[in-house]
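Hi everyone, thanks for making time this morning. I'd like to walk you through one structure, so please have a look at the screen and we'll go around it together.

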Amino acid sequence: MRRCARSVFTAVIITIVISILGAASPVPSARAAGTFRVFVPIASSPPSFWSPQELQAVDLINQHRRNVGCAPVQLNIELGVAAKNHSRDMAEKNYFSHTGLDGSTYWQRAQAASYQYWASGEIIGAGYTSGLEVVNGWMNSSGHRSIILTCNNDDIGIGFYSKSGSQWEHYWTAVFGQR
């Protein structure tokens with residue numbers, strides 16, 4: 001209950017701040033003056049924050065986790081902001097890497113998005129059009145599978161972004177965290 005209340009509180013605060021600042025739409029994260037800025041998508045409630053593709057991927061990840069005796073990971077808005085911004089950045093700037101073109105790492109992006117705990121890992125994918133496809137790809141990679149099946153992971157943020165004309169067109173990022 002406490003984690004849920006904190007996530008809802010955070011979403012409300014983010015929405016209020018964005019409405020005060022008059023932000024019309026999310027834009028990719030950027031590095032300015034040695035710090036990382038994160039632009040937060042407007043979310044009226046946590047469920048509307050996640051696309052059907054993202055929810056499908058998390059459901060499949062949790063099925064794989066249950067199969068090996070791990071507890072399910074919980075959706076976390078702060079990690080979601082980090083994941084969504086990274087997927088968008090890769091698509092908009094036409095690259096594919098764990099390191100942002102601004103030099104950011106996944107844990108720096110999670111910290112910039114106000115994740116209060118330890119960002120323990122990131123997995124990315126490109127070219128996959130559905131949650132099923134990307135999770136199958138991740139589970140067929142030993143490094144990605146290892147992060148998914150780390151039972152100590154409690155939280156997940158996931159981001160899917162598509163852009164016609166980019167090299168892969170569909171970009172995925174999942175960031176895991178431990179409380």
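**A walk around the sheet and its disulfide**

Let's begin at one pair of residues: Trp118 stands opposite Gln178 of strand β6. Before going further, please keep in mind that this is a predicted model.

Trp118 belongs to β4, the strand covering residues 118-126. Its partner strand β6 spans residues 170-178, and the two run antiparallel, joined by eight bridges. Further along this pairing, Gly125 sits opposite Trp172 of β6. How many of the nine residues of β4 are buried? Eight of them are, so to describe the strand as mostly covered is fair, given that buried means under 20% relative accessible area.

Now let's widen the view to the sheet. Four strands make up an open sheet, in the order β3-β5-β6-β4, with mixed pairing. Which strands are at the edges? They are β3 and β4, each of which pairs on one side only. Helix α3 packs on this sheet and touches β3, β5 and β6, with its direction at about 140° to that of β5. Helix α4 lies across β3, β4, β5 and β6, and runs at about 25° to β5.

For those who like to trace the pairings, here they are. Between β3 and β5 there are two bridges, and these strands run parallel. Gln74 has Asp155 in β5 as its bridge partner. Between β5 and β6 there are eight bridges, and here the strands run antiparallel. In that pairing, Ser162 is matched with His170 in β6. As a general reminder, strands of a sheet pair through backbone hydrogen bonds, either parallel or antiparallel. And what about the cover on β5? Six of its eight residues are buried, so β5 is largely enclosed by the rest of the structure.

While we're at α4, let me point out one residue in it. Asp89 lies in this helix, which covers residues 77-93. Is Asp89 buried or exposed? Asp89 is buried, at a relative accessible area of 3%. Its side chain makes a polar contact with the side chain of Lys93, at 2.9 Å.

Next, the disulfide. How many does a search of the whole structure find? The search finds one, and that disulfide joins Cys70 to Cys151, with an S to S distance of 1.9 Å. The torsion about the S-S bond is about -70°, so this disulfide is left-handed. Where do the two cysteines sit? Cys70 is in the loop between α3 (52-67) and β3 (74-75), while Cys151 is in the loop between α7 (142-148) and β5 (155-162), so the pair ties together parts that are 81 residues apart in sequence. The two ends also have their own accessibility values. Cys70 has 5% relative accessibility and counts as buried, whereas Cys151, at 40%, counts as partly exposed.

Let's stay in that second loop for a moment. Asn153 also lies in the loop between α7 and β5, and Asn153 is buried, with a relative accessible area of 3%. Its C-alpha atom is separated from that of Cys70 by 8.9 Å, although the two residues are 83 apart along the chain. What does Asn153 touch, leaving aside neighbours within four places in sequence? Its contacts are Arg65, Val73, Ser120, Ile147, Phe176, Gly177 and Gln178.

One of those contacts takes us back to where we began. Ser120 is in strand β4 and counts as buried at 17% relative accessibility. Not counting residues up to four places away in sequence, Ser120 touches Tyr106, Asn153, Phe176, Gly177 and Gln178. Gln178, you'll remember, is the residue opposite Trp118.

Let me finish with the whole chain. There are seven helices and six strands in total, and from the N terminus on the elements run α-β-β-α-α-β-α-α-β-α-α-β-β. The protein chain has 179 residues, of which 44% are buried. Among contacts between residues at least 6 apart in sequence, 72% join residues at least 24 apart. Finally, the accessible surface comes to about 8700 Å², and 56% of that belongs to carbon and sulfur atoms.

That's the tour, and I'm happy to go back to any part of it on the screen.

Terms used:
Residues are numbered from 1 along each chain as its sequence is written. This is a predicted model: local features need pLDDT of at least 70, side-chain atom pairs count only at pLDDT 80 or more; totals for chains, interfaces and linings use all residues. Side-chain values use heavy atoms; hydrogens and water are left out. A disulfide is a pair of cysteine sulfur atoms within 2.5 Å. Buried means under 20% relative accessible area, exposed over 50%, partly exposed in between (1.4 Å probe, protein chains only). Contact means heavy atoms within 4.5 Å. A polar contact is a pair of N or O atoms within 3.5 Å; within protein, one must be able to donate a hydrogen and the other to accept it, and residues adjacent in sequence count only if both atoms are side-chain atoms. Accessible areas come from the Shrake-Rupley method with a 1.4 Å probe; for residues, only the protein chains shown count as cover. Two strands pair if DSSP finds at least two bridges between them. Axes are lines fitted to C-alpha atoms, for helices over the stretch in contact, and angles run from 0 to 180 degrees between N-to-C directions.
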